[in-house]
Amino acid sequence: MDHLITIGLVERNPGHGHPLRPEFRLTQRGVLAAKLASQINRISKEEDQALLRRSWTLPILASLQSPRYFIEIKRDLPPITDRALSQSLKTMETRNWVCREVDEFGRPPRSQYSAVSTGRAISAVTASAIAVTE
């Protein structure tokens, strides 16, 4: 709970004291986060939940509003390592959330990634949420 309070999603309820009043309540930011989580939950399937809980899945999908090269995704997410990004993209590609296309005519050949199927739907939801908070 302390972490949720620190990041501004939850606050202590000033009216707490009555047994029917909760001790904590969502902040405005917490309400927006809950709506986003609910939309993502409706889009995804039960077997997708483990992938959604991985650290980089949502940030990567949020950056895939349009087809992007590996280095462009990495630039959007400065703390991510090459290995973490590569593994996350491979996992999402296996689930058919991300499509990888190799530009073999360029020197050197480069991979371009785009969100597809469920990944595209989640990407669209996160894009609208990011646009609201900016």
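This briefing walks through the overall shape, surface and sheet of one protein chain. The model is predicted. The protein chain contains seven helices and five strands, and three strands come together in an open sheet.

**Overall build**
- Following the sequence, you meet the helices and strands in the pattern α-β-β-α-α-α-β-α-α-β-β-α.
- The radius of gyration of the protein chain is 18 Å, whereas a compact globule of 134 residues would have one near 14 Å.
- Along the principal axes, the C-alpha atoms occupy a box of roughly 70 × 30 × 25 Å.

**Inside and outside**
- Buried residues make up 31% of the 134 residues in the protein chain.
- Among contacts with a separation of 6 or more, 43% link residues 24 or more positions apart.
- About 9000 Å² of the protein chain is exposed, and carbon and sulfur atoms supply 54% of that area.
- The protein chain carries 19 positive and 14 negative side chains, and the centres of these two sets are 2 Å apart.

**The sheet**
- Strands of a sheet pair through backbone hydrogen bonds, in either a parallel or an antiparallel way.
- Here the open sheet has the strand order 3-5-4, and its pairing is antiparallel.
- Strand 3 (68–69) and strand 4 (98–103) are at the edges with a single partner strand each, so one side of each has no neighbour in the sheet.
- Six bridges join strand 4 to strand 5 (residues 110–115) in the antiparallel sense.
- To find one of these links in the structure, look for V98, whose bridge partner in strand 5 is A115.

Definitions and conventions. Residues numbered from 1 in each chain as written. Predicted model: local features only at pLDDT ≥ 70, side-chain atom pairs only at ≥ 80, totals over all residues. Heavy atoms only, no water. Helix = DSSP H or I, 4+ residues; strand = E, 2+ residues; numbered from the N terminus. Rg over C-alpha atoms; globule rule 2.2 N^0.38 Å. Buried < 20%, exposed > 50% of the residue type's maximum accessible area, 1.4 Å probe, protein only. Contact = heavy atoms within 4.5 Å. Areas by Shrake-Rupley, 256 points an atom, 1.4 Å probe, with all protein chains shown as cover. Lys, Arg positive; Asp, Glu negative; His and termini not counted. Charge placed at Lys NZ, Arg CZ, Asp CG, Glu CD. Pairing = 2+ DSSP bridges.
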